[in-house]
Amino acid sequence: MTTMQHFLDGYKKKFNDTLRERREKVALQSGHATRDRLWIDNEYFTEHYGEALPLSALAVYAVLAKYANARTQSCFPSVATIMRESGIKSTKTAYAALKDLEQYRLIEISHSKGRSSNRYTLLDSSIWLKPNYALFSSEQGQKMNPIPVKMTYKSYI
């Protein structure tokens with residue numbers, strides 16, 4: 001091999017390594033889902049996303065996890081498929097759940113042009129926005145259940 005070929009091979013390896021590292025930071029780890037199982041990160045429950053998000057969001061997230069590619073964590077189900085498999089009857093509810101999941105950075109939506117389905121990518125729990133809770137009490141010292149306060153990701157910036 002020539003010196004130039006060694007240089008180009010080293011550059012190509014470095015480029016591919018950098019690209020792989022960037023993808024790993026955003027997407028879930030490889031092998032996270034299989035054909036007969038789906039995985040939902042424990043952080044969804046330990047960080048109380050279930051209290052901050054409606055139940056429809058968990059149902060939509062589960063459908064997306066079912067269809068997600070194990071390596072890329074991307075999928076392309078239509079909204080009709082999401083509704084059918086999650087049991088959601090209203091299109092408005094399905095879109096609201098998708099918007100909530102995107103707002104908390106649980107998923108990334110790449111909107112398509114035309115009649116094809118959007119691409120949904122499940123994101124790593126390390127970049128999810130934490131639900132913000134506010135305790136409201138009518139009397140001082142009275143313990144109340146936390147009431148989730150929805151915030152946009154812009155409010156964290």
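Which residues of α6 are buried? They are Ala94, Ala97, Leu98, Asp100, Leu101 and Gln103, where buried means under 20% relative accessible area with a 1.4 Å probe, protein chains only. Before going on, please note that this is a predicted model, in which local features need pLDDT of at least 70 and side-chain atom pairs count only at pLDDT 80 or more, while totals for chains, interfaces and linings use all residues. Residues are numbered from 1 along each chain as its sequence is written, and side-chain values use heavy atoms, with hydrogens and water left out.

Let's stay with α6, one of the DSSP runs numbered from the N terminus (helices are H or I, at least four residues; strands are E, at least two). Ser90 caps its N-terminal end, with a side-chain oxygen 3.2 Å from the backbone nitrogen of Lys92. Just after α6, Arg105 has a positive phi of about 60 degrees.

The buried residues of α6 pack against α4, α5, β2 and β3. Leu98 shows this nicely: beyond its neighbours within four places in sequence, Leu98 is in contact (heavy atoms within 4.5 Å) with Val60, Leu64, Ile82, Ile107, Ile109 and Tyr120.

Leu98 also belongs to the largest nonpolar core, which has 29 residues; such a core is a set of buried Ala, Val, Leu, Ile, Met, Phe, Trp, Tyr and Cys residues joined through side-chain atoms within 4.5 Å. Among the elements giving two or more residues to this core are α5 (79–86) and α6 (91–103), but α4 gives the most, with six.

Finally, look at α5, where Val79, Thr81, Ile82, Met83 and Ser86 are buried. These buried residues pack against α4, α6 and β3.

Methods. Buried means under 20% relative accessible area, exposed over 50%, partly exposed in between (1.4 Å probe, protein chains only). A polar contact is a pair of N or O atoms within 3.5 Å; within protein, one must be able to donate a hydrogen and the other to accept it, and residues adjacent in sequence count only if both atoms are side-chain atoms.
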